[in-house]
Amino acid sequence: MKKMIFSTVAALTLMSAPAMAAEPVKIGMITTLSGGGSSLGIDIRDGFQLAVDMRGGMLGDRKVELIIADDARKVGNAKQIADRMLKRDKVDIMTGIVWSNLALAVVPDVTKAGKFYLSPNAGPSKLAGKGCHMNYFNVAWQNDNLHEAAGQYVNDKSHKNVYIMAPNYPAGKDALAGFKRYYKGKIAGEVYTKLGQVDYAAELANLRAAKPDAVFFFLPGGMGINFVKQYAQAGLNKSTPLYGPAFSFDEGILKAVGDTALGVFNTSQWNKDIKNAANIDFVSNFHKTYGRFPSLYASQGFDTALLLDSAIRAVDGDMSKTDLFRDALRAAKFQSVRGPFRFGPNHHPIQDIYVREVYKDGDNITNKIVGKVFSSHGDAYAADCKM
Amino acid sequence: MTFFLFLEQTLNAFQLGVMLFLMAAGLTLVFGIMNMINLAHGSFYMIGAYVAAYVGHLTGSFFIAVAVALPVAAIVGMAVETIALRKLYNRDHLDQVLATFGLILFFNELTSIIWGPQAIFVPIPPLFAGSVEIIPGVPYPVYRLVIIAAGLAVAVLLRLLIVKTRTGMLIRAGASNREMVSALGVDIDRLYTVVFGLGALLAGLAGALAGPILATEIGMGENILILTFVVIIVGGIGSIRGALIGALLVGLVDTYGRAFLPTLLRALFEDPSVADGVGASVSSMSIYILMAVVLVIRPRGLFQAYG
């Protein structure tokens, strides 16, 4: 018996010694891979994975172990998975969450545990302002950013009476607040719809009756598909131009709405026609690997991995040097696929924001950049952030 | 708010109502006759939508697409009943909920394997494209009128089936007293399979009709399933008539709530953004308030099952 215990201990010691040296950096990714909105999570995962694969399974010359779990867009699931990843899997870094309400529930748990969270998408105002944290970085945008750009663009197009719509959840509120921050004209109507709503007939009837000269809407995922199709079917696309953030017109949505979205303007920090070496490389590799074109979500997943790559390299793969690692993240020394990129004081991006138009490229319905709305645009909450 | 806007919203309410009716008719029969909670009912809706989208894409014909989607949904429904659910009739509701929830995950994953995770595009059939001005000044999409007509036609056919045919008689008998029906020597297993297939077929029809106006995507069934349960609880479990009335009622309350509540509240509150916020929250609660009120007044729903 004694001998057995001894040999077990010996075997464990032998096993763990080499394992320690080669132990990979553990990255926990919680994202939405099933149910409504899964195309967003899948794109983030694929973008991130592509960056890791292009470096032979390594980031910053360290092997990485990517632990991926599906939250099915449910807060409860996300919190449970985060708990498991922090306590059982002992991840070093977490990332992946698509939705703001999930991020608001999970991010504080991660930062409280002393770990890093890099957001590849959700950027709720709360985490950019008073609730900011030195271990929380957003690689995509603050939620308001693209909507602010849309507000500015609608202004530039001299629309004076605009109808605005968003789902009734934190990012929806942020969206309309962002739009109104830069739009100066009259609001013909401001409507919050149920999250996950499928039929917009009632809202469209009210909209038509309000006679706006343009419509701005933010309805990500399946909601946007339903809305854009029904908007065109109601004949409104001929009389009233539609504006939105890129979320309403990503590659996945355009495939599902077909011709009904042609000619719509939408704002984005990225598009696949941005000409820089990193982006050209990214778009062609993504297309080769997955057989489809990347969406902005995929670009954000890819950039998140690139940022990690630069920061892990800066500490020579030693994740115990948390202060140096944080400084390296803050420095953001990587070539973002969107072009110029740096972090503001609240660890949210300062970047250019473009306006894109939906057009038909052969048989493929996609976006092209038609102008730049903002240069080096930060966010409105940075001043509230005390780190 | 004008009278015409009110009429238009009423049409919208009817369209949502008949959609819900197609879903609820099958669910209420399965619940009422077999005493079975079937969460996977939404999956038949999704299957109907995907098969119709796929066939429509291959053949270019909306009618062939619907004609193929209906039997496929029915066959999948009957197969699920025979293989998986038959063993669950005598278990308690929690077991049924667990098992049929598992089926939702199964069908979602299967759909994702076959058709991929991205939502797919279904165009409006050219015959029903465009809009008509049945209300002056309000062009109303023809396709939505077609849905209303199809839903009402199904309601009439179901009524005939239930009242005039032998199968319908057995269904009515099964809804009021299952044990007696099987004691009288009716092959209750076969009846169950037929009812289940019929329910799946109607859900498939709802899905196939929804394709052109809604997103055909994974998990589309779950959104409508919750509303469907509200409908059958309001209408009375096991009653087709209850399903129709309940569906129209839920359609009306939901649509009017979304359409008019925010405007009404704007008159009450000084700050319009508060009114909008409250309006959005209250209107999304409205159907549950309706359900609670109905349950207080008539705990078994508006219409009891036949018997």
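A quick word before you start clicking: a residue is called buried when its relative accessible area is under 20%, exposed when that is over 50%, and partly exposed in between (1.4 Å probe, protein chains only). With that in hand, select B:Arg91, which is partly exposed at a relative accessible area of 46%.

**Before the tour**

This is a predicted model, so to speak of local features pLDDT has to be at least 70, and side-chain atom pairs count only at pLDDT 80 or more, while totals for chains, interfaces and linings use all residues. Residues are numbered from 1 along each chain as its sequence is written, chains are lettered from A and ligands numbered from 1 in the order in which they are written, and side-chain values use heavy atoms, with hydrogens and water left out.

**Stop 1: a pair in chain B**

Keep B:Arg91 on screen and add B:Asp95. Their side chains meet in a salt bridge, 3.1 Å from N to O; the term stands for a side-chain nitrogen of Lys or Arg within 4 Å of a carboxyl oxygen of Asp or Glu. B:Asp95 is partly exposed, at 26% relative accessibility. Over in chain A, salt bridges that share partners link A:Asp43, A:Arg45, A:Asp46 and A:Arg292 into one network.

**Stop 2: helix α4 of chain B**

Now select residues 93–115 of chain B, which make up helix α4. Helices (H or I, at least four residues) and strands (E, at least two) are DSSP runs, numbered from the N terminus. The expected span of a helix is 1.5 Å times one less than its number of residues. For the 23 residues here that gives 33 Å, and the end C-alpha atoms are 32 Å apart, which agrees.

Try coloring the buried residues of α4(B): B:Gln96, B:Thr100, B:Leu103, B:Ile104, B:Phe107, B:Asn108 and B:Thr111. What covers them? Show α2 (41–59), α3 (62–85) and α9 (220–235) of chain B, which are included in the cover. Just after the helix, B:Gly116 has a positive phi of about 85 degrees.

**Stop 3: where the chains meet**

Zoom out and show both chains. How many residues does each chain bring to the contact? Chain B gives 33 and chain A gives 36, with contact meaning heavy atoms within 4.5 Å. The buried area between them is about 2,900 Å², and carbon and sulfur atoms give 51% of that; buried area is the accessible area (1.4 Å probe) that two parts lose on being put together, summed over both.

On the chain B side, select B:Gln118, B:Phe121 and B:Arg258: these lose the most area to chain A, together 22% of what that side buries.

The rule finds 3 salt bridges across this interface. In one pair to look at, the side chains of A:Lys194 and B:Asp254 meet at 4.0 Å, N to O. Which elements of chain B each supply at least two residues of the side that touches chain A? Highlight α1 (3–34), β2 (138–141), α10 (240–268) and α11 (272–297).

**Stop 4: a buried glycine in chain A**

Hide chain B and go to A:Gly28, in strand β1 (residues 25–31) of chain A. At 0% relative accessibility, A:Gly28 counts as buried. Leaving aside neighbours within four places in sequence, A:Gly28 is in contact with A:Ile67, A:Met85, A:Val91, A:Ile93, A:Met94 and A:Thr95. Add A:Leu86 too: A:Gly28 and A:Leu86 are 58 residues apart in sequence, and their C-alpha atoms are 8.4 Å apart in space.

**Stop 5: two salt bridges in chain A**

Next, pick A:Arg55 and A:Asp309, a salt bridge whose closest N and O atoms are 3.6 Å apart. A:Arg55 sits in the loop between α2 (38–54) and β2 (58–59) and A:Asp309 in helix α13 (residues 296–314), so the pair ties together parts 254 residues apart in sequence. Buried or partly exposed: which is A:Arg55? A:Arg55 is partly exposed, at 30% relative accessibility, whereas A:Asp309 is buried at 7%.

Then select A:Glu190 and A:Lys180, where the closest N and O atoms of the salt bridge are 2.9 Å apart. A:Glu190 is buried at 10% relative accessibility, and A:Lys180 is partly exposed at 32%.

**Last stop: helix α6 of chain A**

Finish on residues 145–156 of chain A, helix α6. Its 12 residues reach 17 Å from first C-alpha to last, close to the expected 16 Å. The helix is mostly covered, with 9 of its 12 residues buried, among them A:His147 and A:Tyr153. After α6(A) comes A:Ser158, with a positive phi near 50 degrees.
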